[in-house]
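Visitor: Could you take me closely through one part of this model, the place where the ligand sits, and tell me what surrounds it there?

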Amino acid sequence: LKVFEKVILGCFLLLAISGRTLAQSDLITNIPARETISLNGKWQYIVDPYETGYYDYRYKERRENDGEAYWNNPVQKDKTDRKEHAYTDEYTLEVPGDWNSQDPKFLYYEGSVWYKRTFDFDKSDLNSKRVFLHFGGANYQTDVYLNGKKLGMHKGGFTSFNFEVPASVLKEKDNFLVVRVDNKRAKDEVPTVNTDWWNYGGVTRDVNLVVVPDNFIQNYFVQLKRPAPGTAPKTKNTEVQGWVKLSKAAAGETVTIEIPELKYKKSFPVTNGTADLNFKLPKVQLWSTDTPKLYNVVISSKSDRVEEKIGFRTIEAHGKQVLLNGQPVFLRGISVHEEIPQEIRRAHSKKDAAQLLGWAKELNANMVRLAHYPHNEHTTRLADSLGILVWSEIPVYWTIDFGNQEVFEKAKKQLDEMIARDQNRASIIIWSVGNETPVSPVRTEFMRNLIEEAKEQDPTRLISAALEVHYNEGKNTIDDPLGQYTDLVSVNEYLGWYGGLPNTNRTAVWETKYDKPLFFSETGAGALGGFHADSLTRFSEEFQEWYYKEQVAMMKRMPDNYVGLSPWIIADFRSPKRNNQVYQEGWNRKGLISSDGKKKKAFWVLKSYYDEMDEVKS
Ligand code: GCB
């Protein structure tokens, strides 16, 4: 009987997994261009560490119509009526925003919080339109209920998702919307229990109602076709490849692509809900870091129309180089967490994106590594218009449960969601499938499958993962077997911080197994901003400055497949793992900019290296 039970349970698990996998392909993209009603603002909340709103006293999941369930409206009928939960204006949280920074009681909180707000909706002009509730992101598990009906559940703290709102559930007045967010860490999630960043919880990104026609344009991929290896794309008769996906398959549909500035317009037949695109643009100005040209692209079907800004460029790893539009590019990168250190909170707005990318620009960087998870859409859209190249990553970080098929599905889903949202961003040149994962056959197979999935979803960009260095006496070897599957071999390296002192770099010998472009996805040292001492003193700005000087000198001696770096990190960030109470106090101090927004000495060392590399190019 036990075996039988296991089989049944297995089947349920499989169903649950495949159900989720299917659901994520329903992501509606380019929310800024759609008809939306913003649900940002103040939401009432209940903190629920024991999940009382979800489970009854026997720890059984509550039924939909259970009056004690926190998704149901707790109206007290009369004074005799016992109600053990209530939402009031005295307890509100700002959406978007993490909860940790909004009230001291949330600083270390990891668990469930119920968010509630009401809204009215004019159903009169709905006709045959459909309504979706879209979340830019919420960390980690989100359960959504409208007027007591469950709309759906999503896992993953950094990707967008949406649920359809059935017209039968939607009311004209006082819609009662409840969102439970739970940021408890767990071994079988992605990321797992152990990370070096703050586990900010809550509805961290924008929330919108999206109104679309019955058959709407759900997503599209409009990108330049890869030219013959090592050649620049033509600027005349430039080949574009891709697809447009409608929400429903309907007979006789066509899709039209129009780029008014290029006087280009063409229609494509739709088969099974998808139109394959394959066309040539008469003349195009390519998107580059110097001239981040974006075109207004109008995509229309019988009943829908979406405008999108798209830059056209190619990216490839060719021999020992990375080629942007067929030209070698040196990646003057910097790693970035999605956090505003001066306010100790998650970044979520256009203004936040401008601060973080503005710092990268001040450093004269031409690239950012968005660590260690997909950042909000404001950031990738701003990168497009600033001409900053982007590495975007999923939080397959350190030691997740690689042997677990369910965990693989969770990682794959986050990968698919990341690509689905941002696949038209010219700025994004690299999808990363993870960071510092421990070498083992099971891990390599897991990661190889993610790489295959990324390539299948997007054949135009580079795929990588931040690997570790094999440190040996006198020789540092790059030989992680995963390197054979990535387009770019990327490694994190901390010679002089985690091993020895910075001067050991002078004699460091590097050897790589791979004849591919080599990128240093991290290097860094900690310093408390404003703490000055001699350069041998750990955590002084002078130590960090010395570290960067030695690193730069070492980088200059790298073999000719060295294509760039994204040091760790633009600014100090919160981490519960950093407990030196004199210098860290819960901060990872490897920022080039301090937690109060001031540039440390090392900032200028890296900047002058980047100025030099910028000169070399021109
Ligand atoms: C790493 C990790 C990064 C850490 C950093 C550090 O290699 O990828 O997430 O924060 O080192 O500071 O140790």
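**The ligand and its surroundings**

Guide: Before we turn to the ligand, it helps to have the whole chain in view: this is a predicted model, and the protein is divided into domain 1, which covers 32-212, domain 2, which covers 217-313, and domain 3, which covers 318-617. Between domain 2 and domain 3 the centres, taken over C-alpha atoms, are separated by 31 Å, and the contact between these two takes 25 residues from domain 2 and 28 residues from domain 3.

Now to the ligand itself, around which there are 14 residues, with Asp196, Tyr397, Glu436, Tyr498 and Lys590 coming nearest. Sorted by class, this shell is made up of five nonpolar, four polar and five charged residues. Looking at single atoms, we find a polar side-chain atom of tyrosine 397 at 2.6 Å from an oxygen atom of the ligand, while an N or O atom in the side chain of glutamate 522 is 2.7 Å from an oxygen atom of the ligand. Asparagine 588 also takes part in the picture, since a polar atom of its side chain lies 2.8 Å from a ligand oxygen atom. Taken alone, the ligand exposes 320 Å², and the protein buries 97% of that.

Finally, a word on the empty space inside the protein, where the count comes to five cavities of 30 Å³ or more. The second largest cavity holds about 50 Å³ of space, and its lining includes His337, Glu339, Pro341 and Leu356, together with the run of residues Ile569, Ile570, Ala571, Asp572 and Phe573. By class, the lining of this second largest cavity divides into six nonpolar residues, one polar residue and two charged residues.

Key. Residues numbered from 1 in each chain as written. Predicted model: local features only at pLDDT ≥ 70, side-chain atom pairs only at ≥ 80, totals over all residues. Heavy atoms only, no water. 1 Å grid on protein atoms, 1.4 Å probe; cavity = no way out; pocket = protein on both sides within 12 Å on 5 of 7 lines; lining within 4 Å. Points joined across faces, edges and corners; volume = space filled by probe spheres on them. Nonpolar A, V, L, I, M, F, W, Y, C, P; charged D, E, K, R; others polar. Near = heavy atom within 4 Å. Polar contact = N/O pair within 3.5 Å; in protein donor to acceptor, adjacent residues only side chain to side chain. Areas by Shrake-Rupley, 256 points an atom, 1.4 Å probe, with all protein chains shown as cover. Domains from an automatic or database assignment. Contact = heavy atoms within 4.5 Å.
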